[in-house]
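Thanks for coming, everyone. I have one structure to show you today. Please take a look at it with me.

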Amino acid sequence: MPDPSPPPGTVAAASPETARLLAFDTSTERMAVALAAPHGAWTADEAGGALASAALLPTVQALLERAGLALAELDAVAFGRGPGAFTGLRTSCAVAQGLAFGIGCPVLPVDSLLIVAEDARAQLAPNAAGFEVDVAMDARMDEVYAARWRWANGCWHEVVAPALYTLEAFAVMAAGSTGVVAGSAVTAFGERLGLAPGRPCVATEHDRPAALLRLARAAWAAGAGVDAAQALPLYLRDKVALTTREREALRAAKDAAEAPR
């Protein structure tokens, strides 16, 4: 979660229950959009990836129309800051920044991996103190974006900060906990994650938009809003693709490793 200390001079205009919050995340192949208002909540879970840049604003407008709200009525815009797909993060940050500048409202950065943790908590242990989860998302190139959080005293506490891991390094990190493992890497890599036998796993998210909205409300309650200029992505990888030569070398190394001895 973001630092709960509010910026100097920041005063919440509404309680979490009455705040008008727009939230979206485009860091994965699914686009999550959610809207909260005193009279209800509306969500959308749509195809993302390369489609997000064209689909996000129309989806936002559709939710606003369903809720009978205008953009200018929003108290804050929450966005998934990453880590995740490079293009998706640029889309999320650019749209959050543009909307917040136009409205004159703060932005609420939400860690995209924490959305996965929150969804896993809702599925398995919504009220369990001490619930711990290692989030592992497929980052391609045999790597994962991963982090660890623990739920205590009604909020999330970061145990291991988000980072980019090789599969071998993640196995070492994950060995430090017996909690749940959640995220797309569970399906993408299976046994190659090196998890202890019998360790509980959650491979499928149940309701990403709802999880995002809960985190947005928590961030608003904590006074975590920042200026729109600070709608910045969390990049954990400088290099987003391998060259042809590097792909060939990686393929050759895999073939050599799998060859009969």
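Let's begin with the largest pocket, which has a volume of about 740 Å³. Keep in mind that this model is predicted. The pocket is lined by 35 residues. Closest to its centre are S27, T28, E29, D138 and R140.

What classes of residue make up this lining? There are 16 nonpolar, 9 polar and 10 charged residues.

Which elements each supply at least two residues of the lining? They are helix 2, at 86–103, helix 3, at 112–124, and strand 6, at 131–138. Helix 3 gives the largest share, 3 residues.

Now the sheet. It is open and has 5 strands. Read across it, and the order is 3-2-1-4-5, with mixed pairing. As a reminder, strands of a sheet pair through backbone hydrogen bonds, and they do so either parallel or antiparallel.

Why do strand 3 and strand 5 each have one side without a neighbour in the sheet? Strand 3 (40–47) and strand 5 (107–111) stand at the edges, and each has a single partner strand, so one side is left free of a neighbour. From one strand to the next, the twist averages 15°.

Here is one pair in detail. Strand 1, residues 21–25, and strand 4, residues 76–82, pair in the parallel sense over 4 bridges. Find F24, and opposite it, in strand 4, stands F79.

Last, the helices on this sheet. Helix 2 lies across strands 1, 4 and 5, and runs at about 160° to strand 4. Helix 6, residues 208–221, lies across strands 1, 2, 3, 4 and 5. Its angle to strand 2 (30–37) is about 50°.

Notes: Residues numbered from 1 in each chain as written. Predicted model: local features only at pLDDT ≥ 70, side-chain atom pairs only at ≥ 80, totals over all residues. Heavy atoms only, no water. 1 Å grid on protein atoms, 1.4 Å probe; cavity = no way out; pocket = protein on both sides within 12 Å on 5 of 7 lines; lining within 4 Å. Points joined across faces, edges and corners; volume = space filled by probe spheres on them. Nonpolar A, V, L, I, M, F, W, Y, C, P; charged D, E, K, R; others polar. Pairing = 2+ DSSP bridges. Axes fitted to C-alpha atoms, helices over the stretch in contact; angles between N-to-C directions. Contact = heavy atoms within 4.5 Å.
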